Protein chains: 2
Amino acid sequence: MIKGIKFSGVASGIKAEGLDLGIVVSDDDLNCLAVYTRNAVKAGHILYNRALKTKAVRAILVNSGCANACTGKKGIEDLGKIAQAVSGALNIEKKSILFASTGVIGKRLPTQKIISSIPGLLKSLDENNIDLFARAIMTTDTFPKIARFNFNGKKEYKIIGIAKGSGMINPLFATMLVFIFTDFPVPAQRFARDFKYAVKGSFERITVDGECSTNDTVMLFSKKSGEDEEAIGLFIEGINKVMKDLSLMLVKDGEGATRVIHITVKGAKKKDYAERIARRIAISPLSKTAFFGCDPNWGRFMAAAGDAGVPLNPEKVDIILQGEVLAKAGLEVPFDEMRLKEIMNRKEIELVIDLHDGRSSFDIYTTDLTYDYIKINASYRS
Amino acid sequence: MIKGIKFSGVASGIKAEGLDLGIVVSDDDLNCLAVYTRNAVKAGHILYNRALKTKAVRAILVNSGCANACTGKKGIEDLGKIAQAVSGALNIEKKSILFASTGVIGKRLPTQKIISSIPGLLKSLDENNIDLFARAIMTTDTFPKIARFNFNGKKEYKIIGIAKGSGMINPLFATMLVFIFTDFPVPAQRFARDFKYAVKGSFERITVDGECSTNDTVMLFSKKSGEDEEAIGLFIEGINKVMKDLSLMLVKDGEGATRVIHITVKGAKKKDYAERIARRIAISPLSKTAFFGCDPNWGRFMAAAGDAGVPLNPEKVDIILQGEVLAKAGLEVPFDEMRLKEIMNRKEIELVIDLHDGRSSFDIYTTDLTYDYIKINASYRS
């Protein structure tokens with residue numbers, strides 16, 4: 001709980017059933033740092049928030065069930081109407097209200113339903129309703145995602161992060177909605193670079209299905225007043241930890257996922273080579289189905305690595321799965337397949353590809369590809 | 001049937017059961033044009049054939065069940081031993097024998113089993129045993145893939161193409177083994193460029209799972225003697241048709257596929273833009289699961305297009321599915337969802353993305369992503 005920052009959630013009827021509208025309201029003006037999707041098709045809330053150029057945020061309204069993407073000018077006007085209603089109900093400036101959306105692309109928001117739900121939504125505002133808010137922004141997520149970090153400077157500070165996944169999760173840039181709140185007085189200008197680094201080191205290190213969403217949003221809200229130079233190091237550590245925790249929750253809750261696979265490519269001549277090989281394996285359906293089937297089919301990892309579009313000398317490559325060497329210098333090392341299958345039947349899998357070609361490395365988290373991913377996505381709208 | 005070109009197939013024990021070894025033997029020397037995988041990890045047969053630099057081919061031995069990839073120098077030596085045995089049995093030069101393999105990566109060929117099977121394999125050699133050969137090279141394919149084209153020049157000529165799929169099928173370059181035989185006297189030097197164009201227009205226009213194999217091989221074998229300048233146009237037409245036919249069989253038999261989706265991106269400023277958008281949609285798991293579920297979820301196609309890494313103005317884009325306009329100028333056009341679901345429940349689907357930004361276009365064939373793809377690939381080796 002952060003003093004003066006209140007959360008709420010409600011079922012407004014955007015979805016056929018369940019919570020679908022959340023809000024966060026602050027007693028004081030907040031700074032906001034945001035990173036949005038790199039997809040050329042951007043959702044209405046991204047275009048709206050960017051145009052607003054607001055310096056003082058008092059509220060963010062988030063809905064699930066409708067992405068408000070590919071809705072054009074009308075989709076942006078819809079947000080203006082909703083902002084007007086929230087502004088009146090809370091008696092705050094219209095331009096202090098931001099938005100985020102997630103759900104089906106191409107459909108307009110049911111503006112009237114949302115506006116009618118605002119009184120009920122505001123009634124439940126409470127500093128302790130973080131879980132309610134986290135649930136209201138879920139789509140195919142199976143659990144709410146909240147991460148916390150406390151640290152001491154001149155006083156005790158708090159960081160609270162809330163995220164939703166769990167499909168269209170792609171590393172460049174990671175797909176989801178993430179909201180982080182802190183009562184630490186963040187020097188926004190100075191911190192902008194660290195913020196991007198933290199995003200790169202967390203949300204850009206996960207992938208579920210290689211799909212880059214139209215709605216990706218990471219926002220950090222912080223108090224405007226005060227200053228605590230000495231605690232900045234701790235704050236940066238905290239932000240990195242909260243983002244890493246949330247990103248691991250996202251990948252763990254990836255659509256249909258039964259395992260999280262941590263892929264490390266090391267011994268690369270350049271970091272870019274390591275990154276492209278790691279990302280290529282992380283989105284390879286044949287590698288991901290092998291993980292689902294507990295099949296130590298290392299040739300699939302090798303084939304994916306060879307298809308990464310960077311130089312690769314297969315005769316130098318070692319492949320290590322759960323600490324067991326499957327291939328050395330590009331050739332199979334005899335291993336007990338039944339035992340391997342057994343140690344692959346875990347929730348967390350470590351795969352290391354050693355290129356023996358330099359000193360650079362890169363790591364990324366991904367999921368297996370399962371029947372349930374197909375089930376969820378072949379019937380998401382119905 | 002082509003006079004003097006004989007086919008055979010046998011179960012040699014590479015697989016636990018079924019046909020797994022095929023051979024084609026020619027009475028006369030043949031020219032061979034070949035294109036191999038772009039994957040940095042290349043199978044043993046590719047390294048072996050390339051090093052051979054043979055000008056006169058008499059036989060090609062093809063096995064399924066073992067890719068002979070990631071097997072290093074030993075894997076190449078294995079082929080030398082097998083070539084020695086085939087050479088002795090057929091009384092032809094060792095260097096006139098080529099190889100191709102498909103199957104699990106990282107395992108050595110069972111050289112002794114293969115050598116012991118050669119007498120039985122040669123016993124069934126027959127100009128009419130094309131189907132037997134086509135079956136011997138299958139892995140997860142559900143039907144043998146043979147395409148034919150006859151045309152007249154100075155005499156009647158024939159083209160016979162044989163292919164196998166059906167996973168690790170990726171557009172750059174298309175993954176599979178393809179063998180095409182003709183009695184037309186191909187002027188190899190002059191035809192090399194047309195050959196590559198034909199490959200680009202067929203096998204590089206399909207994808208099943210975006211996975212580039214270590215073993216991709218397309219080979220064209222033709223008679224060395226004779227000349228028929230005037231029929232070259234017809235021959236090129238025939239090669240293009242045979243390759244297109246085979247590539248459509250490959251995608252139709254894609255692992256677990258229930259539909260073939262033909263994606264056309266038009267109105268692009270550059271052909272490269274159209275190609276990258278078409279390829280991005282073709283490998284998008286969310287688009288592919290939508291096709292499986294008969295879900296006219298056009299936002300997923302739009303999101304994939306926006307993630308293609310090329311300029312895109314969503315406000316100009318039309319999306320047309322089975323002739324029905326789902327989105328115009330980036331916005332949804334009201335459509336009857338139940339009727340759309342019905343017309344999506346077909347074996348063949350046409351998706352057109354019109355960018356309204358220029359005159360270039362590109363088209364590609366892909367499959368849906370289904371439970372059976374997961375089933376096949378989570379248990380391929382067991």
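Helices here are DSSP runs of H or I with at least four residues, strands are runs of E with at least two, and both are numbered from the N terminus. Please keep in mind throughout these close-ups that the model is predicted.

**View 1. Asn91(B) sits in a loop between a helix and a strand.** The loop that holds Asn91(B) runs between α2 (72–90) and β4 (97–104) of chain B. Although Asn91(B) is not a glycine, its phi is positive, at about 55 degrees. Its relative accessibility is 71%, so Asn91(B) counts as exposed.

**View 2. Gln322(A) has a positive phi in a loop between two strands.** Gln322(A) is found between β10 (318–321) and β11 (324–328) of chain A. Its phi is about 50 degrees, and again the residue is not a glycine. With a relative accessibility of 21%, Gln322(A) is classed as partly exposed.

**View 3. The contact of chain A with chain B takes 51 residues from each chain.** Between them, chain A and chain B bury about 4400 Å², and carbon and sulfur atoms give 57% of that area. Two salt bridges are counted between chain A and chain B. Look for Lys107(A) and Glu332(B), whose side chains form a salt bridge with an N to O distance of 2.6 Å. Eight residue pairs are in polar contact between chain A and chain B, with both residues at pLDDT 80 or more. On the side of chain A that touches chain B, at least two residues come from each of α8 (285–292), α9 (298–306), β12 (331–332) and α11 (371–378). Sorted by class, that side of chain A comprises 24 nonpolar, 16 polar and eleven charged residues.

**View 4. Helix α8(A) is largely enclosed by the rest of the structure, because eight of its eight residues are buried.** Following the helix along, the buried residues are Pro285(A), Leu286(A), Ser287(A), Lys288(A), Thr289(A), Ala290(A), Phe291(A) and Phe292(A). Just after α8(A) comes Cys294(A), with a positive phi of about 55 degrees.

**View 5. The buried residues of α1(A) pack against several helices and strands of chain A, including α2 (72–90).** In helix α1 (residues 44–52) of chain A, the buried residues are Gly44(A), His45(A), Ile46(A), Tyr48(A), Asn49(A) and Leu52(A). Their packing partners also include β2 (21–36), β4 (97–104), β7 (177–182) and β8 (217–223) of chain A. Just after α1(A), Lys53(A) adopts a positive phi of about 45 degrees.

**View 6. A salt bridge joins Lys223(A) to Asp28(A).** Their N to O distance is 4.0 Å. Lys223(A) belongs to strand β8 and Asp28(A) to strand β2 of chain A, so this pair ties together parts that are 195 residues apart in sequence. The two ends differ in setting: Lys223(A) is buried, at a relative accessible area of 13%, whereas Asp28(A) is partly exposed, at 40%. Over all chains, the structure contains 28 salt bridges.

**View 7. Glu275(A) and Arg279(A) form a salt bridge within helix α7 (residues 271–282) of chain A.** The closest N and O atoms of the pair are 2.9 Å apart. The residues are four apart in the helix, so about one helical turn separates them. Arg279(A) is buried, having a relative accessible area of 10%.

**View 8. Glu324(B) meets Arg339(B) in a salt bridge.** The N to O distance of this pair is 2.6 Å. Since Glu324(B) lies in strand β12 (residues 324–328) and Arg339(B) in helix α10 (residues 337–344) of chain B, the pair ties together parts that are 15 residues apart in sequence. Glu324(B) is partly exposed at 24% relative accessibility, and Arg339(B) is also partly exposed, at 37%. Turning to chain A, Asp141(A), Lys145(A) and Asp253(A) are joined into one network by salt bridges that share partners.

**View 9. Cys66(B) is in no disulfide.** In fact, zero disulfides are found over all chains. For Cys66(B), the nearest cysteine sulfur belongs to Cys70(B), 11 Å away. Cys66(B) counts as buried at 3% relative accessibility, and Cys294(B) is buried too, at 9%.

**View 10. Ser117(B) lies in helix α3 (residues 111–123) of chain B.** Leaving aside residues up to four places away in sequence, Ser117(B) touches Val10(B), Ser12(B) and Leu21(B). Its relative accessible area is 12%, so Ser117(B) is buried.

Key
Residues are numbered from 1 along each chain as its sequence is written. Chains are lettered from A and ligands numbered from 1 in the order in which they are written. This is a predicted model: local features need pLDDT of at least 70, side-chain atom pairs count only at pLDDT 80 or more; totals for chains, interfaces and linings use all residues. Side-chain values use heavy atoms; hydrogens and water are left out. Contact means heavy atoms within 4.5 Å. Buried area is the accessible area (1.4 Å probe) that two parts lose on being put together, summed over both. A polar contact is a pair of N or O atoms within 3.5 Å; within protein, one must be able to donate a hydrogen and the other to accept it, and residues adjacent in sequence count only if both atoms are side-chain atoms. Ala, Val, Leu, Ile, Met, Phe, Trp, Tyr, Cys and Pro count as nonpolar, Asp, Glu, Lys and Arg as charged, and the others, Gly among them, as polar. A disulfide is a pair of cysteine sulfur atoms within 2.5 Å. Buried means under 20% relative accessible area, exposed over 50%, partly exposed in between (1.4 Å probe, protein chains only).
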